[in-house]
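Me: I would like a close look at one helix and its surroundings. Please take me through it step by step.

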Amino acid sequence: MSSGNGTDGDGQAPPAEQLALIRETVRRTAPRARPRTWRGAALAESLPVARVLVDKGLVHLDRYFDYAVPAAMDAEARPGVRVRVRFGAGERDGRREGGGLINGFIVERVAESDYPGTLAPLAQVLSPEPVLTPALLALCRAVADRYAGALADVVQLAVPPRMARAERTAPPPPAAPVPPPAAPEPGGWARYPEGPAFLTALREGGAPRAVWTALPGPRWPDELARALLTAAASGRGALAVVPDGRAAARVDAALAALHPGSDPLHVLLTADAGPEARYRRWLAVSRGRARVVVGTRAAMFAPVRDLGLVAVWDDGDQALRDEHAPRPHAREVLMLRAVHERAALLVGGHTRTVEGERLVDAGWARPLTADRATVRATAPLVRTVGDLDEVRDVAARTARLPSLAWQAARDALRLGPVLVQVPRRGYVPRLACERCREPARCTVCRGPLTSPGGARELTCGWCGAAAGEALPHWRCPTCGGARLRASVVGTDRTAEELGRAFQGVPVRVCGGDHVVPAVPDRPALVVSTPGAEPVADGPGYAAALLLDAWALLGRADLRAEEEALRRWLAASALVRPHTEGGTVVAVAEPTLRPVQALVRWNPEGHAARELAERAELGYPPVSRMAAVSGLPEAVAAFLSAARLPPDAEILGPVPLPRREPGQPRRTGDPPPGEAWERALVRVPPGSGAALAAALRTAQAARLSRREGPPVRILIDPTDLG
């Protein structure tokens with residue numbers, strides 16, 4: 001029996017009526033906030049058209065698109081803010097509909113649009129923060145033009161992702177200009193004849209340009225910090241880019257020591273801080289609260305106001321080249337900033353790259369070097385162990401260390417830690433035939449056989465297959481030999497052997513994911529890969545052993561010698577001066593040119609000879625070059641359609657090494673299983689901009705017409721092997 005109010009006997013509504021009530025409740029629920037197209041909404045009275053850079057990193061879409069500004073968004077839709085727009089919408093009955101919602105940036109507001117049809121309105125203003133300033137947009141445009149890339153791709157590198165909480169908690173712009181700090185004393189710059197004059201020009205508001213060859217030792221962070229603060233003392237901003245977070249932390253600590261205070265003048269922009277903290281610091285720079293910036297690669301776009309100095313440390317490090325399209329190099333970006341913003345430039349390092357020597361040779365920058373007497377007084381003693389020495393030395397043939405290196409390590413351990421540089425990580429990364437030195441290959445995929453260490457069986461470095469029972473029957477295909485030897489010994493194997501040779505001495509391994517910033521000033525053996533060497537507290541390492549130097553020199557690459565010398569000098573600079581017992585032993589043939597440059601501590605002479613050879617051969621940086629890679633038919637069609645400058649020269653194409661599935665890949669390598677070719681396009685100085693424009697136009701035409709698979713374009717390739 002039911003009651004009169006439509007419920008059953010127990011007071012509950014029938015199932016059908018319950019469903020109706022649920023549906024009605026859902027209908028009454030407020031809709032979730034989402035971007036709207038503002039159909040029929042009134043437009044802004046002043047400047048109702050917004051030109052938007054959409055987040056589409058395609059060369060053929062590399063232009064601005066016009067959108068209508070609703071009146072409700074008039075106040076927030078300012079140039080530089082992030083917005084959400086409908087892209088690809090069609091026109092129907094006088095309005096724009098459809099398309100997909102994508103992000104973008106308002107570039108400018110104008111009164112009228114050149115587009116003859118109906119404009120789609122802005123869907124949403126994501127943030128009122130003007131992150132894409134006119135100066136930053138101009139820099140991104142210049143970088144995109146230089147590297148034949150899309151402007152949207154460069155903006156993605158320049159502007160970090162938005163973090164709403166960081167925008168709310170970041171300090172607001174200062175009510176009054178931040179007072180400049182006091183100019184520091186020259187400090188270590190007094191060791192360079194032209195160092196004080198460089199600082200004086202910075203302090204007086206000038207824009208000097210210099211290539212700085214830093215003296216060995218731990219003082220370069222303090223010297224770089226003094227240059228940054230000197231530029232800030234003139235009322236301008238300063239920016240320094242370094243290869244890794246450890247170097248950035250050292251410069252940051254030097255700045256804090258020179259300019260202590262509760263309201264710091266500088267910020268540190270590295271990935272180690274996390275996305276939110278990094279974005280908050282980036283906003284402090286954009287809002288004008290921080291005038292000095294130190295950071296890694298991405299900091300090259302930091303929006304420092306009234307820029308007075310840009311500096312890059314160790315510009316030969318490949319970490320300074322971005323891995324994302326269009327792959328700009330920090331040195332080149334900072335050079336563009338120095339020209340466009342009329343700022344000073346400082347390119348520094350313990351070595352001198354060929355690009356730095358080119359700047360000095362052309363007179364665009366001045367050298368900042370110490371005299372030979374100062375260099376000899378601060379450098380360690382460098383000794384070598386060549387092939388003839390190894391033949392005469394029984395220990396060199398049977399042990400990990402030649403007798404000279406072993407004796408130097410034993411003597412140095414009485415004074416402090418000893419650095420051992422090994423070119424590879426792991427145990428035995430590469431094996432070869434003991435008789436003819438032919439590399440040992442996997443029988444499945446022809447990859448290199450490696451030894452994980454201990455009693456574990458051999459494995460393939462590409463496919464991971466284990467040698468298993470096939471090892472006893474392995475035969476060298478060249479000479480028929482059946483015995484294997486280590487062609488390259490890694491850090492783990494080296495640490496194991498050194499631990500047995502030096503009983504009771506601590507052995508630490510640095511490399512890969514295990515990198516420490518510093519080691520204490522007490523006897524220990526520190527085995528490290530190139531670039532991962534920790535700094536030794538106190539006066540520095542007592543000695544450094546550079547093992548398997550031929551592994552760095554033996555790479556089939558144009559920059560093999562330059563890169564090897566850079567790695568050796570970086571490790572040797574951590575060693576105390578020879579007057580305090582510092583010694584470096586390089587296991588390398590002393591007659592080789594980079595080894596002689598290390599012994600004499602003369603990177604400038606090596607760079608000058610390298611530049612002369614590049615000029616004779618027509619290779620960068622004397623010429624401008626672009627690498628075009630892809631499937632053979634795509635490369636051929638692209639080069640035939642591109643309107644290259646008349647003085648352009650095409651080298652190749654040549655096949656690229658084929659990468660099989662499971663084989664390690666680097667950025668820019670072909671997809672697994674595809675056979676790619678690469679052609680080099682070379683032009684003389686002065687035609688680089690025309691070459692980039694021609695390649696960019698050809699790529700845009702190919703993509704818009706969908707003429708086969710795309711090609712990959714890389715301006716100024718560093719790997720020409």
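Reply: Start with helix α19. Its buried residues are P603, E604, G605, H606, A607, E610, L611 and R614. In an α-helix, residues three or four places apart point the same way, because there are 3.6 residues a turn. Keep in mind that this is a predicted model.

What lies over those buried residues? The cover includes strand β8 (209-213) and the helices α10 (354-361), α17 (560-572) and α18.

Now the helix itself. α19 spans residues 603-617, 15 residues in total. From first C-alpha to last it reaches 21 Å. That is close to the 21 Å expected at 1.5 Å a residue.

G618 follows α19. The phi of G618 is positive, near 80 degrees.

Stay at this end of the helix and look at R682. R682 sits in strand β29 (residues 677-683). A polar atom of the R682 side chain lies 3.0 Å from the backbone oxygen of L617. The backbone oxygen of G618 is 3.1 Å from a polar atom of that R682 side chain. R682 also touches Y619, S623, R624 and M625, among others. Further along the sequence, the residues it touches include D647, A648, E649 and L651. Is R682 buried or exposed? R682 counts as buried because its relative accessibility is 13%, under the 20% cut-off.

Next, go back to α18, one of the elements covering α19. Helix α18 (residues 593-600) lies across β15, β25 and β26. It runs at about 150 degrees to β15. This leads to the sheet.

The sheet is open and has six strands, in the order β15-β26-β25-β16-β23-β21. The pairing is parallel. Its edge strands are β15 (381-384) and β21 (507-510), each pairing on one side only. On average, neighbouring strands are turned by 15 degrees against each other, direction ignored.

Look at one pair inside this sheet. β25 (residues 543-546) and β26 (residues 583-586) pair in the parallel sense over four bridges. L546 has A586 in β26 as its bridge partner.

A further helix also lies across these strands. α14 (residues 403-412) lies across β15, β16 (418-421), β25 and β26. Its direction is about 155 degrees to β25.

To trace the route again: the cover over α19 includes α18, and α18 lies across β15, β25 and β26. After α19 comes G618, whose backbone oxygen lies 3.1 Å from a polar atom of the R682 side chain.

Definitions and conventions
Residues are numbered from 1 along each chain as its sequence is written. This is a predicted model: local features need pLDDT of at least 70, side-chain atom pairs count only at pLDDT 80 or more; totals for chains, interfaces and linings use all residues. Side-chain values use heavy atoms; hydrogens and water are left out. Two strands pair if DSSP finds at least two bridges between them. Helices (H or I, at least four residues) and strands (E, at least two) are DSSP runs, numbered from the N terminus. Axes are lines fitted to C-alpha atoms, for helices over the stretch in contact, and angles run from 0 to 180 degrees between N-to-C directions. Contact means heavy atoms within 4.5 Å. Buried means under 20% relative accessible area, exposed over 50%, partly exposed in between (1.4 Å probe, protein chains only). A polar contact is a pair of N or O atoms within 3.5 Å; within protein, one must be able to donate a hydrogen and the other to accept it, and residues adjacent in sequence count only if both atoms are side-chain atoms. The expected span of a helix is 1.5 Å times one less than its number of residues.
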